[in-house]
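Please open the model in your viewer and keep the selection tool at hand. The stops below are meant to be followed in order, each one naming what to select and what is found there.

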Amino acid sequence: MTVKSNHVTIKGIKDGLVFLLDAECDFEDLLTELRYKLEHSHTNILAGPIIHVDIKLGMRVVTDDQKELILDIMKQKGNLLVRSVESIEQKSEEDLGSNITVMSGIVRSGQVLHHHGNILFLGDINPGGSVTCTGDIYILGALRGMAHAGVDGNDEAVIAASHFAPTQLRISDMISRPPDEWEARETRMEFAYLQDGVMQIDKMSNIVRLRRDFNMFKGV
């Protein structure tokens with residue numbers, strides 16, 4: 001069997017090896033390539049005395065079982081001593097969405113809806129109305145007022161809406177561009193987020209790049 005992909009990169013460091021595992025590819029493909037490279041390539045560096053290994057999974061979220069699968073493969077090489085496995089922390093079921101509060105209605109001019117946590121609001125935020133939240137704000141409706149996510153300093157919070165025409169957006173301490181720039185935008189589902197301290201807008205289908213714990217529909 002020949003594996004031509006490049007999901008596994010092995011780099012030598014002063015006191016061992018670093019395995020950089022691709023964070024985007026299918027997990028089974030990743031395991032297949034890892035097995036192949038351990039068995040059929042890099043034989044000059046994967047044999048001999050004990051070598052300390054650091055494994056880096058990038059932004060991939062893995063379960064404990066998946067982490068064990070990786071370690072089991074590494075154990076096939078008796079001289080490889082895994083020193084660390086770096087990955088982003090897997091969030092609990094509560095973090096993954098059960099703490100999203102669903103509310104519905106209309107936030108009219110002069111009204112303020114404040115929530116602690118993440119909120120899914122079914123309805124419209126009218127001009128002059130505001131919604132503030134310590135976590136993410138998802139609006140299944142029109143956002144024509146002000147939205148402030150991550151009010152306690154959460155720079156990773158996002159704001160998403162079916163119709164994106166806010167008078168102002170705030171994430172943490174960052175305030176969006178003037179509202180006149182929103183009026184010429186194409187009407188579509190979008191979300192706002194911070195990148196390097198600058199507010200960015202992207203179409204809703206790309207939100208999975210920031211919320212990798214979301215279940216991704218890949219078709220059948």
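Begin by selecting the open sheet of five strands in this predicted model, whose order is β6-β8-β10-β12-β13 and whose pairing is mixed. Colour β6 (112-115) and β13 (174-175) separately: these two stand at the edges, and because each has a single partner strand, one side of each is left without a neighbour in the sheet.

Within that sheet, select residues 146-149, which form strand β10, together with residues 168-171, which form strand β12; the two strands run parallel and are joined by four bridges. If you display M146, you will find Q168 of β12 standing opposite.

Stay on β12 and select L169, which has its place in this strand. Is L169 buried or exposed? With a relative accessible area of 0%, L169 is buried. A distance label drawn from the C-alpha of L169 to that of S130 should read 10.0 Å, although the two residues are 39 apart in sequence.

L169 also leads to the next selection, the largest nonpolar core, which has 22 residues. The members that touch the most other members are I137, I139, L143, I159, F164, L169 and A192. Two or more residues each are given to this core by β7 (118-125), β8 (130-133), β9 (137-143), β10, β11 (159-164), β12, β14 (190-195) and β15. Another core lies apart from this one and has 21 residues, including L21, L30, V53 and V62.

Before leaving this part of the chain, select D202, which lies in strand β15, spanning residues 198-203. D202 counts as buried, because its relative accessibility of 17% falls under the 20% limit. Leaving aside residues up to four places away in sequence, show the residues that D202 touches, namely E190, F191, Y193 and R209.

For the last stop, select helix α1 (residues 27-40) and helix α2 (residues 64-75), which pack with their axes 10 Å apart and at an angle of about 15 degrees. Since that angle is under 35 degrees, the two helices count as roughly parallel to each other, and α1 passes α2 in a right-handed crossing. Which residues make the contact between α1 and α2? To see them, display F27, L31, L34, R35 and L38 on α1, and then Q66, L69, I70, I73 and M74 on α2.

How values were computed. Residues numbered from 1 in each chain as written. Predicted model: local features only at pLDDT ≥ 70, side-chain atom pairs only at ≥ 80, totals over all residues. Heavy atoms only, no water. Pairing = 2+ DSSP bridges. Buried < 20%, exposed > 50% of the residue type's maximum accessible area, 1.4 Å probe, protein only. Contact = heavy atoms within 4.5 Å. Core = buried A, V, L, I, M, F, W, Y, C linked by side-chain atoms within 4.5 Å. Axes fitted to C-alpha atoms, helices over the stretch in contact; angles between N-to-C directions. Parallel < 35°, antiparallel > 145°, perpendicular 65-115°, else oblique. Left-handed = near helix turned anticlockwise from the far one by under 90°.
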